[in-house]
Amino acid sequence: GTDTGGSIRQPASFTGTVGIKPTYGRCSRWGIIAFASSLDQAGVFTRTVKDAAIMLESMAGFDAKDSTSAREKVPAWEKEISANMKGRKIGIPKEYMDDGMSDEIKKLWEQGANWLKESGAEIVEINLPHTKYALPTYYIINPAEASSNLARYDGVRYGLRVYDKGDSLDDMYEKTRAAGFGVEVKRRILMGTYVLSAGYYDAYYKKAQRVRTLIANDFKNAFAKVDAILTPTTPTPAFPIGENQDDPVAMYLNDIFTVPANLAGVPGMSVPAGLSKNGLPLGLQILGKPFDEQMVFNVGAAIEKAAQFSALPQKIRD
């Protein structure tokens, strides 16, 4: 999958699977339709942490066709996985104690911290002071880049083309883009075009980029004190299909725990850790230092071992 603000980690949490978004630049994005180029990153969904390490090893590496691809050696993650947390420090950001978080998510988070403590880790409270600005910052940068990237889908060069005999070029543009994009994509293109417009560029986009730097610095400061960070993946269990369809803000708020990792470019993984009162999967998120996926896998393995999650999706057989 690809993860721009949580699109691997959130579905993984909702479905009881492991989902990892590696460090920005770790996996090539060549061949992926760009949505928000500075946020998009390829990753994997698997049934176990070990499988995620195996899959990511096969995918990661430098690609000359991707200008954002990092020239970083790919470690043997799967062979080095260890659930022993002795001597490790795990950060718990107090800013993630969101008012909208359900009680069962809070309890699971506390349980996750206790599991890691029992595995030998030291639990450390940390500060990520600019976290409260992560969501509004993301929803300026994301639509702005989407507006720019998706401008190429105009019906001229490739892809869908919708027009009637006698239509002008503008008519074709309008009909093609109206038919080719869904409601949410159109909403983001409009938002992005607005924040990039001459009168608002400095007030919105430029300011969002500055806040993004502050968010990245928060993680840098935190990782000077801890080896990894533990948070919930989502503020609630999976919601019914269509429930938030008419309320985009409610949908955006679901990204509150996942977007900071994309803004900072750090690796993040969701590991299934329990079930809600309605029997729906709940995940915990592990965030690591840039290019330290090994620690993310190790902490994930410790949670996986302690949680003994048994509600994995059933394999489909022919």
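1. Contact here means heavy atoms within 4.5 Å, and helices (H or I, at least four residues) and strands (E, at least two) are DSSP runs numbered from the N terminus. A friendly reminder that this is a predicted model, in which local features need pLDDT of at least 70, side-chain atom pairs count only at pLDDT 80 or more, and totals for chains, interfaces and linings use all residues. Residues are numbered from 1 along each chain as its sequence is written, and side-chain values use heavy atoms, with hydrogens and water left out.

2. Do have a look at helix H8 (residues 201-222). The buried residues of H8 pack against strand E6 (122-126), helix H5 (134-149), helix H7 (183-196), strand E7 (228-232), helix H10 (259-264) and strand E9 (281-288). Among those buried (under 20% relative accessible area, 1.4 Å probe, protein chains only) are Tyr205, Ala208, Val211, Arg212 and Asp218. An α-helix has 3.6 residues a turn, so residues three or four places apart point the same way.

3. Asn254 sits in the loop between H9 and H10. With a relative accessible area of 7%, Asn254 is buried. Leaving aside residues up to four places away in sequence, Asn254 touches Gln10, Phe14, Thr234, Pro235, Thr236 and Phe239.

4. Now for the largest pocket (on a 1 Å grid over the protein atoms alone, an open set of points where a 1.4 Å probe fits, with protein on both sides within 12 Å along at least five of seven lines; lining residues have an atom within 4 Å of a point). Its lining comprises 32 residues, with Ser7, Glu184, Arg188, Met251 and Asp255 nearest the centre. H7 gives the most to this lining, namely four residues.

Note on methods
Buried < 20%, exposed > 50% of the residue type's maximum accessible area, 1.4 Å probe, protein only.
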